[in-house]
Amino acid sequence: RARQPYRFTPARNPEKRSCAFRLTVRNAMAHLDSEVKEECLREDLRFYFMNPCEKYRARHQIPWKLGLQILKIVMVTAQLVRFGLGNQLVVAFKEDNTVAFKHLFLKGYSGIDEDDYSCSIYTQKDAYESIFFVINQYHRLKNISLATLDYGENEDNIIGLKICKQHYKKGTMFSSNETLNIDSDLEIDCTYLDLQTFAKDPQDWMRSPFFRLEFYRLLQVEISFHLKGIDLQTIHSRELPDCYIFRNVITFDNKAHSGKIKIYFDSDADIEECKDLNISGSIQKNTQYVLLFDAFVIVICLASLILCTRSVVLALRLRKRFLNFFLEKYQRRVCDTDRWEFINGWYVLVIISDLMTIIGSILKMEIKAKNLTNYDLCSILLGTSTLFVWVGVIRYLGYFQAYNVLILTMQASLPKVLRFCACAGMIYLGYTFCGWIVLGPYHEKFENLNTVAECLFSLVNGDDMFATFAQIQQKSILVWLFSRLYLYSFISLFIYMILSLFIALITDSYDTIKKYQQNGFPETDLQEFLKECSNKEESQKESSAFLSCVCCLRRKGSDDHLILIN
């Protein structure tokens, strides 16, 4: 059959065809652009959840944060050990001086405190002798003390003793008909005995009307004085010595009017800069080395803080990209579990640790330079930061399946354990209040709420059981029977039931994690999205010999499990 000649038919509407072509090209370009964005997002997500060795193999990115954390562990631990050794000297010096002061100023002190006070007196003669003994010992301090002590100024800029007595405003006692009239309003009388007073005849101030005590309305006598001391033992550690101000208060407590006056001794020490201190030798050079080491620790922590903060910011941006893409493509929101996967808790822990280390190191440098004396705050900051640093090591062990069981078990069991503890805490508080109000007058471990809570917690752990049972006073048969019922029920309930259930919750979470590791973890939207990765092989360069030997040895693909944990 003869082929019909081709006839060109011009378009009826050329503009409409041109628009359709452009729309088709535009849709194709949009689809291609969407695929490119999806692939880039998927690759960024996979790279974000890689461990440092996998990141090095993928993009040859040097694990700076890992190296800084290893270096920081060594530096912070060394700093803490050195500070702890110096802090031990401070604590030992304060305790030794407190014991020495008690022997110097407390008449008849045996060296052992009676309960929460130092010693007791029972007669008026002993009361007068104890008060005058403190005054005479203060006067003869430089001649009898073995320490390098000197007199210090009190709050009123007076060098000497401040003696105050507190008593009821008015009171009359009639021994004939055994009546006592007391005005409950309180009065406080104070007097000062300075060094000029001591230069006079002692009988002058001893016969003063101030020291005529009416014991039936006397509540307490308080003697306060300040002393200066210097700690020279730090020289052996090649450190500058510390100067101390000891604020001593001796209280004769007669508030109970039971025939027994309790004597309390309280000594508070403040460290201050030593003035006109001239010590030759290599101590000053050693101080400079320590300050330089602390400055280096601050630089290391500052670099770690910047890198971890940058990682957190980039993670939040990546999460925003993923949430927007998931909402556009699948028209639904991502679950909360996947949202929290981008918040790396370990980075937050490292940031907090770095901030505490930087602040603590600055305080330590000021203490070393004798500009500050706040040892307690510095100890809390450095100690807590070191704790966080060592806990952060678990993060790198969590990259290996054989070591991440602890982290996954804690993460899975924490919500259940918190809910269980909230319920068990109600029962615990009930037993605490009940034991305090019933057994408090008959047992020293139940005298206040704090000791009751500590005693019950010890019983839960099986500590000091027999002593708790044996120390209950048998003055009341009813209370004694109640104490047995109370203790037996508490121990049976918490040890055999509540503690067993607590362990069962953790064991159940552990078994669940073990099954997941064998059969695979439940897949979330984020994991399913990452599994859709293209099968294109990426060219990887050989790792350096150092990183290959240390941590970047290749493993078989079958041994790798995609476990998203922060």
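What follows is a friendly chat about the predicted model shown above.

Reader: Hi! To start, how many helices and strands does the chain have?
Author: Hello! This is a predicted model, and its chain has 18 helices and seven strands.

Reader: And what share of the residues count as buried?
Author: Of the 566 residues in the chain, 36% count as buried. As for the surface, the chain exposes about 35200 Å², with carbon and sulfur atoms supplying 58% of that area.

Reader: Let's look at the strands. Is strand 5 mostly covered or uncovered?
Author: Mostly covered: strand 5 runs over residues 218-231, and 11 of its 14 residues are buried.

Reader: Which strands does strand 5 pair with?
Author: Strand 2, residues 149-152, pairs with strand 5 in the antiparallel sense over four bridges. Strand 6, residues 242-253, also pairs with strand 5 in the antiparallel sense, over 12 bridges.

Reader: Nice. Can you give me residues to click on? What is the bridge partner of Tyr 151 in strand 5?
Author: Tyr 151 has Leu 227 as its bridge partner in strand 5. For the pairing with strand 6, try Val 221, whose bridge partner there is Phe 252.

Reader: Do those turn up in a core too? Which residues have the most contacts inside the largest nonpolar core?
Author: That core has 49 residues, and those with the most contacts inside it are Phe 105, Ile 135, Phe 211, Phe 225, Leu 227, Ile 250 and Phe 252. So two of the bridge partners I just named, Leu 227 and Phe 252, are on that list because of their contacts inside the core.

Reader: What does Ile 250 touch?
Author: Leaving out residues up to four places away in sequence, Ile 250 touches Phe 105, Leu 106, Val 134, Val 221, Glu 222, Ile 223, Phe 225, Ile 263, Tyr 264 and Phe 265. There is also a second, separate core of 21 residues, which includes Tyr 431, Val 452, Leu 487 and Phe 494.

Reader: Changing topic: where does UniProt put the "transmembrane region" annotation?
Author: The unreviewed UniProt entry places it at residues 289-316, 346-363, 375-397, 417-439 and 485-506.

Reader: What does the model show over residues 289-316?
Author: That span is 100% helix and 0% strand, and its end C-alpha atoms lie 41 Å apart. Residues 417-439 are likewise 100% helix and 0% strand, with the end C-alpha atoms 31 Å apart.

Reader: I'm looking at Asn 344 now. Where is it found?
Author: Asn 344 is in the loop between helix 9 (336-341) and helix 10 (345-368).

Reader: Why does Asn 344 count as buried?
Author: Because its relative accessible area is 9%, and buried means under 20%. The side chain of Asn 344 reaches the backbone nitrogen of Trp 346 at 3.0 Å.

Reader: And what is Ile 394 in contact with?
Author: Setting aside neighbours within four places in sequence, Ile 394 is in contact with Trp 346 and Ile 407. Ile 394 is found in helix 12, residues 393-397, and at 26% relative accessibility it counts as partly exposed. The C-alpha atoms of Ile 394 and Asn 404 are separated by 8.1 Å, with their positions 10 residues apart along the chain.

Reader: Last one: how far apart are Leu 41 and Arg 321 in space?
Author: They are 7.7 Å apart, C-alpha to C-alpha, although 280 residues apart in sequence. Leu 41 is in helix 1, residues 14-48, and is buried with a relative accessible area of 3%.

Definitions and conventions. Residues numbered from 1 in each chain as written. Predicted model: local features only at pLDDT ≥ 70, side-chain atom pairs only at ≥ 80, totals over all residues. Heavy atoms only, no water. Buried < 20%, exposed > 50% of the residue type's maximum accessible area, 1.4 Å probe, protein only. Pairing = 2+ DSSP bridges. Areas by Shrake-Rupley, 256 points an atom, 1.4 Å probe, with all protein chains shown as cover. UniProt positions renumbered as here; feature names shortened; annotations may be inferred. Polar contact = N/O pair within 3.5 Å; in protein donor to acceptor, adjacent residues only side chain to side chain. Core = buried A, V, L, I, M, F, W, Y, C linked by side-chain atoms within 4.5 Å. Contact = heavy atoms within 4.5 Å.
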